[in-house]
Amino acid sequence: MAKVAVGGTFDPIHDGHIALLRRAFELGKGGEVVIGLTSDEMARSSRIRSVRSYESREEDLRTVIKKCFGIDDVHITKIEDQCGPSIYENFDFIVVSPETLPMAEKINRLRAKKGLPPLQISRIEYQMAQDKVRISSTRISEGKIDRHGRLLTG
């Protein structure tokens, strides 16, 4: 039974996030999936666009996980930094996108310094929008695409 780490800001939740979560739940079937959700401070420090409150994002995340995966009791933990508990807790896998792959590699370097085994990195591919550009929360918040990658503007 695997223990899987996955993290993000999840605002707004889109098809790329669903793919990330799907992979985490596939790997963690019969085990545990721990979702690191960025704190308000962390989420807002790295973005120009507005980000909803931690509480709102957590509520939406729980609702989406229930709707898409049928899971009621999901383990969501607040993270204050990019590594979260993955540098000191026992995990088997970490699920990342191409954008967050370098962070997973850094986590494994930090784990090695602590004498912990490396995490198996499971990288999903970007989910592409209708215009063949990756789906992102920024593009959604700019009104360019919807959560499924459909174009909203020319």
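Biologist: What makes E1 stand out in the lining of the largest pocket?

Modeller: E1 gives the most to that lining, with 4 residues. Keep in mind that this is a predicted model.

Biologist: How much space lies in the largest pocket, and which residues are the closest to its centre?

Modeller: The space comes to about 1000 Å³. The lining has 45 residues, and Gly7, Gly8, Thr9, Glu99 and Thr100 are the closest to the centre. Two or more lining residues apiece come from strands E1 (3-8), E2 (32-38) and E4 (93-96), and from helices H1 (15-27), H2 (40-45), H4 (101-113) and H5 (137-141).

Biologist: How do the residues of that lining divide?

Modeller: They split into 20 nonpolar, 19 polar and 6 charged. Gly counts as polar, so Gly7 and Gly8 from the lining go into that class.

Biologist: And which residues line the second largest pocket?

Modeller: Ile13, His14, Asp15, Ile18, Val64, Lys67, Cys68, Arg147 and His148, around a space of about 160 Å³. H1 and helix H3 (54-69) each give two or more of them, and H3 has the largest share, 3 residues. By class that makes 4 nonpolar, 2 polar and 3 charged.

Biologist: On to the rings. How many aromatic pairs does the structure hold?

Modeller: Just 1.

Biologist: Why is the pair of Phe25 and Phe69 called tilted?

Modeller: The ring centres are 5.1 Å apart, and the limit for a pair is 6.5 Å, so Phe25 and Phe69 qualify as a pair. Stacked needs planes under 30 degrees apart and edge-to-face needs over 60. The planes here are at 50°, so the pair is tilted.

Biologist: What parts does the pair tie together?

Modeller: Phe25 is in helix H1 and Phe69 in helix H3, so the link joins parts 44 residues apart in sequence.

Biologist: Does Phe25 count as buried or exposed, and where does Phe69 fall?

Modeller: Buried means under 20% relative accessible area. Phe25 is at 15%, so Phe25 counts as buried. Phe69 is at 23%, so Phe69 counts as partly exposed.

Biologist: How do you know that the charged end of Lys78 sits over the ring of Tyr54?

Modeller: The distance to the ring centre is 4.6 Å, and the cut-off is 6 Å, along with an angle limit of 35 degrees from the ring normal. Lys3 likewise lies over the face of Phe91, at 4.7 Å from the ring centre.

Biologist: Which residues have the most contacts inside the largest nonpolar core?

Modeller: Val4, Val6, Leu21, Ile35, Leu61 and Val95, in a core of 24 residues. E1, H1, E2, H3 and E4 supply at least two residues each, and H1 has the largest share with 7.

Biologist: Why is Gly28 called buried?

Modeller: Gly28 is in the loop between H1 and E2. Its relative accessibility is 6%, and buried means under 20%, so Gly28 counts as buried. From C-alpha to C-alpha, Gly28 and Arg49 are 33 Å apart, with their positions 21 residues apart in sequence.

Biologist: What makes Tyr126 partly exposed?

Modeller: Tyr126 is in the loop between strand E5 (120-123) and H5. Partly exposed sits between the 20% and 50% cut-offs, and Tyr126 has a relative accessible area of 30%, so Tyr126 falls in that class. Its C-alpha atom is separated by 23 Å from that of Met42, 84 residues apart along the chain.

Definitions and conventions. Residues are numbered from 1 along each chain as its sequence is written. This is a predicted model: local features need pLDDT of at least 70, side-chain atom pairs count only at pLDDT 80 or more; totals for chains, interfaces and linings use all residues. Side-chain values use heavy atoms; hydrogens and water are left out. On a 1 Å grid over the protein atoms alone, a cavity is a set of points where a 1.4 Å probe fits but cannot get out, and a pocket is an open set with protein on both sides within 12 Å along at least five of seven lines; lining residues have an atom within 4 Å of a point. Grid points are joined across faces, edges and corners, and a volume is the space filled by probe spheres set on the points. Rings of Phe, Tyr and Trp (its six-membered ring) pair if their centres lie within 6.5 Å; planes under 30 degrees apart count as stacked, over 60 as edge-to-face and the rest as tilted. Buried means under 20% relative accessible area, exposed over 50%, partly exposed in between (1.4 Å probe, protein chains only). A nonpolar core is a set of buried Ala, Val, Leu, Ile, Met, Phe, Trp, Tyr and Cys residues joined through side-chain atoms within 4.5 Å.
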